[in-house]
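Visitor: I have a new model open and would like to go through it with you. Could we start with the cysteines and then move on to the fold?

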Amino acid sequence: MTYHPKSEFITVMMERGYLADCTDYQGLDEALLKGAQPAYIGYDATAKSLHVGHLLNIMMLRWLQKSGNKPITLMGGGTTKVGDPSFRADERPLLSPEQIDDNIEGMKQVFAKYLTYGDGPSDAIMLNNAEWLDHLNYLDFLRDIGRHFSINRMLSFESVKSRLDREQSLSFLEFNYMILQAYDFMELHRRYGCILQMGGSDQWGNIVNGIDLTRRVIDGEVYGLTSPLLTTSDGKKMGKSQGGAIWLNGDMLSPYEFWQFWRNTTDADVGRFLKLYTELPVDECDRLGALEGAEINEAKIRLANEVTSLLHGAEAAAAAEATAREVFEKGGVGDDLPTLTLSAADVGDGISVVQLLVKSGLAGSGKEAKRLISENGARLDDAPLTDAGMILDAAALASPVKLSAGKKRHALVQLG
């Protein structure tokens, strides 16, 4: 659709490619012209760290704040106890309250890098939906809130339908999730004047439910906005790599490995990712994205530096670039490579290179490591690794060895 926004936030969302859909472009746009407006995104505490898949909507909150509005990061201390079934083939494992609290503590570290928290009109606030969900009275909730939900309509939402169409079980516990998320939106509007919920396009049904409930129960005017679910140009889900999830906490993924993930972006994605994950002007993103040949590699380094600087600081980005240049251009080892430290007990009488490739995160499984070796994709100290049965003993690991998977992924292995 062609809509010409007046507010700074919607303009940025459209220009930079953050916008998939909105429940009412004009209504939201005009509401955003009335001063600092609160908006939220919810994060369930299913792991100790957020990952690259969350970074798109964290950037949306950052732009929201930069345009003078008030971000709310809602931690799902309550909803995580239920688990969001949206577009999942199976039920999430249930976590204990202690695990959930522990995960929230880990996730909090990232938000402070992107948002300014405080008491000012556009300062971010962090809330936990356990504050209101933990104390709901079941019968009151059914009578006051449950009566506003049509089962027929809930069954028509794509996230539910896709599960039922595949004849996969959807528990009553999970079915309640969308009601609880809708209730969150209403509570945030009631308590904080929140007018907007944002999320990935898989959250559309949940967001619309919250808008309907808020209108019906407290006659509030609220809006929903979704971002596209990103895939890379080769069709893979954004944020998935051979070594597993790209975590945002530095103790779960080193700044170097994070930098390297962005440096390995495919040529076709560079311009788009610069717009979404950095604050470089749109014209500059387009210019860098259009480069070809060797020049596109410099654009990828710029992308990696900008994204890493936002999360881990400019110093970490510079160190990662220096290590990468040392490893790739000069064939050295570099100071910042991911390092696997083994004890003498780990090595015992010897440890196979296949195990080392898996333990260092260069391969996802033994099968993948063997395939890497058979396809001449693995190297040991820059020499081709051809024997999948090769064993290294403590003497061989007395000084650090460098393992490589392909041209771009490396790790050091050493004895502790």
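Visitor: How many disulfides does the structure hold?

Guide: The structure holds zero disulfides, a disulfide being a pair of cysteine sulfur atoms within 2.5 Å. Please keep in mind that this is a predicted model, in which local features need pLDDT of at least 70 and side-chain atom pairs count only at pLDDT 80 or more, while totals for chains, interfaces and linings use all residues. Residues are numbered from 1 along each chain as its sequence is written, and side-chain values use heavy atoms, with hydrogens and water left out.

Visitor: Why no bond for Cys22?

Guide: The closest cysteine sulfur to that of Cys22 belongs to Cys194 and is 13 Å away, which is too far for a bond.

Visitor: And is Cys22 buried or exposed?

Guide: Cys22 is buried, at a relative accessible area of 7%, where buried means under 20% relative accessible area, exposed over 50%, and partly exposed in between, with a 1.4 Å probe and protein chains only. Cys285 also counts as buried, at 0% relative accessibility.

Visitor: Now the sheet: what is the strand order?

Guide: Six strands form an open sheet with mixed pairing, in the order 1-6-5-2-3-4; strands (E, at least two residues) and helices (H or I, at least four) are DSSP runs numbered from the N terminus, and two strands pair if DSSP finds at least two bridges between them. The edge strands, each pairing on one side only, are strand 1 (21–22) and strand 4 (125–128).

Visitor: How does strand 3 join strand 4?

Guide: Strand 3 (residues 70–75) and strand 4 run parallel and are joined by four bridges, and Ile72 has Ile125 in strand 4 as its bridge partner.

Visitor: Which strands does helix 4 touch?

Guide: Helix 4 (residues 97–114) packs on the sheet and touches strand 2 (38–43), strand 3 and strand 4, contact meaning heavy atoms within 4.5 Å. The direction of helix 4 makes about 160° with that of strand 3; axes are lines fitted to C-alpha atoms, for helices over the stretch in contact, and angles run from 0 to 180 degrees between N-to-C directions.

Visitor: What about helix 10, how much of that is buried?

Guide: Of its 16 residues, 13 are buried, so helix 10 is mostly covered. Just after helix 10, Gly193 takes a positive phi of about 70°.

Visitor: Where is Asp219 found?

Guide: Asp219 is in the loop between helix 11 and strand 6, where it is exposed with a relative accessible area of 69%, and although Asp219 is not a glycine, it has a positive phi of about 55°.
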